[in-house]
Amino acid sequence: MTHTYQVKGMTCSGCAANVRKALEEVPGITQAEVLQKEGRAIVTMDKHVETTILQQAVKQYGNYELSEA
């Protein structure tokens, strides 16, 4: 299953890479595509992962805010 999220706080490609890495480290996430200019993350998961878990993951890498699109 694939879900799209809004991500705030990304200002460069390094930020997008941090968000992608944070999301892909979450168990159950198989792939994350992060589009910095659009402020979006397209996340593919093999089982449902709660949004709060994803929010906590990205906060570990910076001042990013993730929300459901």
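A disulfide is taken here as a pair of cysteine sulfur atoms within 2.5 Å. In this predicted model, that cut-off settles the matter for C12 and C15. The sulfur of C15 has its closest cysteine sulfur in C12, and the gap is 3.6 Å, so the pair is too far apart for a bond. Looking from the other end gives the matching result, with C15 holding the cysteine sulfur closest to that of C12, at 3.6 Å. The disulfide count for the structure is accordingly 0. As for their surroundings, C12 is partly exposed, at a relative accessible area of 34%, while C15 is buried, at 9%.

C15 also belongs to the story of helix α1, where it is one of the buried residues, along with A16, V19, A22 and L23. These residues cover an arc of only 125° around the axis, which means that they sit on the same side of α1. What do they pack against? The partners are β1, β2, β3, α2 and β4 (residues 65-68). The helix itself has the length one would expect: at 1.5 Å a residue, its 12 residues should span 16 Å, and the end C-alpha atoms are indeed 16 Å apart.

Next comes the nonpolar interior. The largest nonpolar core is made up of 21 residues, and M10, V19, L23 and L54 are the ones with the most contacts inside it. At least two core residues come from each of β1 (2-8), α1 (13-24), β2, β3 (40-45) and α2 (51-59). Helix α1 gives the largest share, with 5 residues. All this fits a broader pattern: in soluble globular proteins, nonpolar side chains tend to be buried together.

V19 is a handy place to look at the packing up close. Setting aside neighbours within four places in sequence, V19 is in contact with V7, M10, V34, V58 and Y64. Of these partners, M10 is itself among the core residues with the most contacts.

Over on strand β2 (residues 29-35) sits Q31. Is this residue buried, exposed or partly exposed? Its relative accessibility is 47%, so Q31 counts as partly exposed. Not counting residues up to four places away in sequence, Q31 touches E24, I42, V43 and T44. For one of these partners, I42, the separation from Q31 is 11 residues in sequence and 8.3 Å in space, taken from C-alpha to C-alpha.

Technical notes: Residues are numbered from 1 along each chain as its sequence is written. This is a predicted model: local features need pLDDT of at least 70, side-chain atom pairs count only at pLDDT 80 or more; totals for chains, interfaces and linings use all residues. Side-chain values use heavy atoms; hydrogens and water are left out. Buried means under 20% relative accessible area, exposed over 50%, partly exposed in between (1.4 Å probe, protein chains only). Helices (H or I, at least four residues) and strands (E, at least two) are DSSP runs, numbered from the N terminus. Contact means heavy atoms within 4.5 Å. A nonpolar core is a set of buried Ala, Val, Leu, Ile, Met, Phe, Trp, Tyr and Cys residues joined through side-chain atoms within 4.5 Å. The expected span of a helix is 1.5 Å times one less than its number of residues. The arc is that of the directions from the helix axis to the C-beta atoms.
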